[in-house]
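Biologist: Please take a close look at a single sheet in this model. I would like its strands and pairing, and any salt bridge that ties its strands together.

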Amino acid sequence: MAQDDDFTPKLGRIRLRGSKRGRRYLHQVLRAVALAGSRSSARQGRFHGNRIGRGSGVGRVLASRDRYAAFRVRRVVVKSRIVKLKGLGLKAARLHLRYVQRDGVTREGLPGELYDAVSDRADGKAFLDRGKDDRHQFRFVVAAEDGAEYDDLKGFTRRLMSRMEEDLGTQLDWVAVDHYNTGHPHTHVVLRGRDDEGRDLVIARDYLATGMRERAAEIVTFDLEPRTDIEIEDRLRLEVEQERLTSLDRRLLREVDDDGFVRSGTAADDAFHQILRAGRLQKLKRLGLAEEGAPGRWRLADDLESVLRRMGERGDIIKAMHREMTRQGEGQPASDYAIYDPADPAARRLVGRVGARGLSDEINDRHYLIVDGVDGRVHYVDIGKADTAEPLAEGAIVAIEPNHAEPKAVDRTVAQIAAANGGRYSVDIHLRHDPSATAAFAETHVRRLEAMRRRGVGIERQSDGAWIIAPDHLDHAAAYERGRVQASSVTVETLSALPLGRQVEADGATWLDRELLADAPIAVRDAGFGRELRRALDRRRQWLIEQDLAHQEQDRIVYRANLLGLLRRRELARVAGLLSDELGLQYTEAKAGDWIEGVYRRRIDLASGRFAVIERSREFTLVPWRPVLARNLDKPVSGIVRGDTISWSLGRKRSGPGIS
């Protein structure tokens with residue numbers, strides 16, 4: 001700056017105007033410093049923000065430890081994630097805490113127990129209540145390579161968190177759960193995003209990436225002593241034949257010269273490492289990932305790293321499937337295992353029975369299902385994050401379909417109507433634009449817009465209930481769908497919460513009945529679950545005949561007219577009698593065309609499907625349940641019955657006949 005007068009201060013809020021409006025000031029500073037760093041000398045380097053936050057100095061020191069010493073340090077893997085708690089984040093945090101305490105994670109197969117710095121039984125609800133106003137939350141998975149040597153991981157975890165408190169200069173509020181249900185015992189740690197003075201806890205990326213791992217490795221090495229030469233050699237021998245990315249592969253990749261060939265071993269390599277190198281190259285050759293151009297001259301495949309990572313993931317998936325099938329006592333041939341790939345153009349609708357649910361990525365809350373398909377095979381299905389699919393009990397019948405990142409028909413309808421009405425959309429505008437449309441049909445478009453608005457995808461709702469639709473609405477819809485596919489690449493539909501065996505003689509309209517009456521029933525293979533389904537369908541036919549709901553005419557079965565309606569009413573009448581005694585209210589049947597108003601009290605799962613209990617002052621009714629009701633428990637709701645479903649008008653006022 002040439003003169004002091006060149007600087008003119010501006011008072012007021014710190015912000016950018018114009019196209020950059022709304023950016024946070026910290027981001028502006030980081031961008032300016034990064035630009036300044038790129039123009040400075042090479043000695044100064046560039047600033048990326050890695051050192052912002054607590055523990056930055058400790059993280060750099062630990063990262064620069066002696067490599068030879070690090071080779072003998074016992075390895076620990078630490079995965080970290082920062083989760084924002086605004087919006088649905090708090091619900092996801094509650095689901096995460098509940099899931100890490102699920103059944104079967106201890107050595108005895110019992111549910112996991114939360115603990116903290118002072119107690120072996122921490123209160124998870126109290127922990128979440130303390131952090132309900134936090135901006136963010138940290139989640140860690142800490143897995144020591146030799147974790148199986150510990151009788152109990154609690155002491156190790158507490159010492160690690162105590163060292164972190166020293167490094168970060170603040171007390172930490174955390175809870176943890178130990179898992180022993182995999183080949184490597186590990187610990188889930190959830191840390192509040194507040195320091196001991198109530199401010200946002202910001203941890204430097206250097207510490208998250210390196211410092212925490214090195215601290216954990218120090219503790220394990222101190223407890224179990226440094227790795228011996230024999231231990232190191234044994235582990236390297238195992239890597240030679242592994243079908244996943246190994247430390248041997250990383251070393252080979254670092255040794256690729258400018259011509260694309262792996263450089264020859266140096267004189268510093270001893271005979272043991274030369275044998276390992278040669279053995280690994282031969283293994284890669286058998287996998288089609290390396291070729292010998294001339295004696296001692298090897299060329300690696302360009303996609304070697306990505307292919308080996310995928311092979312490792314596939315191996316982990318197969319191990320998970322074997323583990324779940326073994327736990328259930330099922331001896332399914334390995335050839336009948338399949339991985340459901342929604343990105344495959346040939347991927348079709350998968351119908352089957354839920355065998356198990358687990359975590360495919362514990363730090364990011366990505367879940368998987370093991371599904372016994374009607375095609376006779378056992379399928380592994382990645383269903384995405386915890387909040388994208390409702391909890392499913394083992395034995396439930398589900399249908400799985402790929403999600404496609406493209407606008408839907410409702411999006412095109414909204415865009416068309418808005419374009420003809422000055423960029424505005426509402427139910428009333430829709431009905432005026434298309435007199436043949438029903439209010440229930442228009443409401444489905446409103447629900448779609450509301451879902452997009454909650455995700456912050458360029459949708460604005462006015463105080464009068466109308467929506468402002470941008471000319472590029474279809475682009476916004478495509479962006480929304482891409483976000484949904486990223487969170488979950490499949491849609492999971494529950495066909496029946498009732499296991500197959502309980503449907504055979506259930507006094508209700510079951511999924512088996514719908515299959516018996518279907519014009520195009522699903523194709524079933526005579527193997528695995530497909531064989532079980534065939535037998536169940538035969539038994540259900542016989543039960544219907546015994547109940548005078550069907551009869552046999554020569555070589556075909558004739559079913560009573562409106563069979564599903566008869567079964568549904570029988571079940572609802574029976575359940576309503578029990579509920580009437582419990583609630584002290586009179587039951588009123590909801591018929592097609594009735595306007596329903598009342599307070600949503602609960603959901604009940606029946607053979608005929610899921611139903612909602614709607615209460616009025618002196619009576620109640622049972623109507624088909626829809627996911628939109630989950631957010632309206634104990635709140636007034638209203639809607640109109642349309643056949644076997646109901647169109648809810650949540651948040652909209654309308655006069656009409658009630659159920660009383």
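What follows is a description of one sheet and a salt bridge within it.

Modeller: The model is a predicted one. The sheet is open and has six strands, in the order β8-β11-β10-β9-β12-β16, and its pairing is mixed. At the edges lie β8 (337–339) and β16 (490–496), each of which pairs on one side only. On average, neighbouring strands of this sheet are turned by 35° against each other, direction ignored.

Within that order, β9 is followed by β12. Strand β9 covers residues 350–361 and strand β12 residues 397–402; the two run antiparallel and are joined by four bridges. In this pairing, V351 of β9 has A399 of β12 opposite.

On the other side of β9 in the order comes β10. Here a side-chain contact can be added: R353 and D372 form a salt bridge, with their closest N and O atoms 3.2 Å apart. R353 belongs to strand β9 and D372 to strand β10 (residues 366–373), so the pair links distant parts of the chain, 19 residues apart. R353 has a relative accessible area of 15% and therefore counts as buried, the cut-off being under 20%. D372 is also buried, because its relative accessibility is 4%. In general, side chains of opposite charge can pair when their charged atoms come close.

The R353 and D372 contact belongs to a longer list: a search of the whole structure finds 54 salt bridges. Among them is a pair outside this sheet's strands, R192 with D173, at 3.3 Å from N to O. Both R192 and D173 are buried.

Terms used
Residues numbered from 1 in each chain as written. Predicted model: local features only at pLDDT ≥ 70, side-chain atom pairs only at ≥ 80, totals over all residues. Heavy atoms only, no water. Pairing = 2+ DSSP bridges. Axes fitted to C-alpha atoms, helices over the stretch in contact; angles between N-to-C directions. Salt bridge = Lys/Arg side-chain N within 4 Å of Asp/Glu carboxyl O. Buried < 20%, exposed > 50% of the residue type's maximum accessible area, 1.4 Å probe, protein only.
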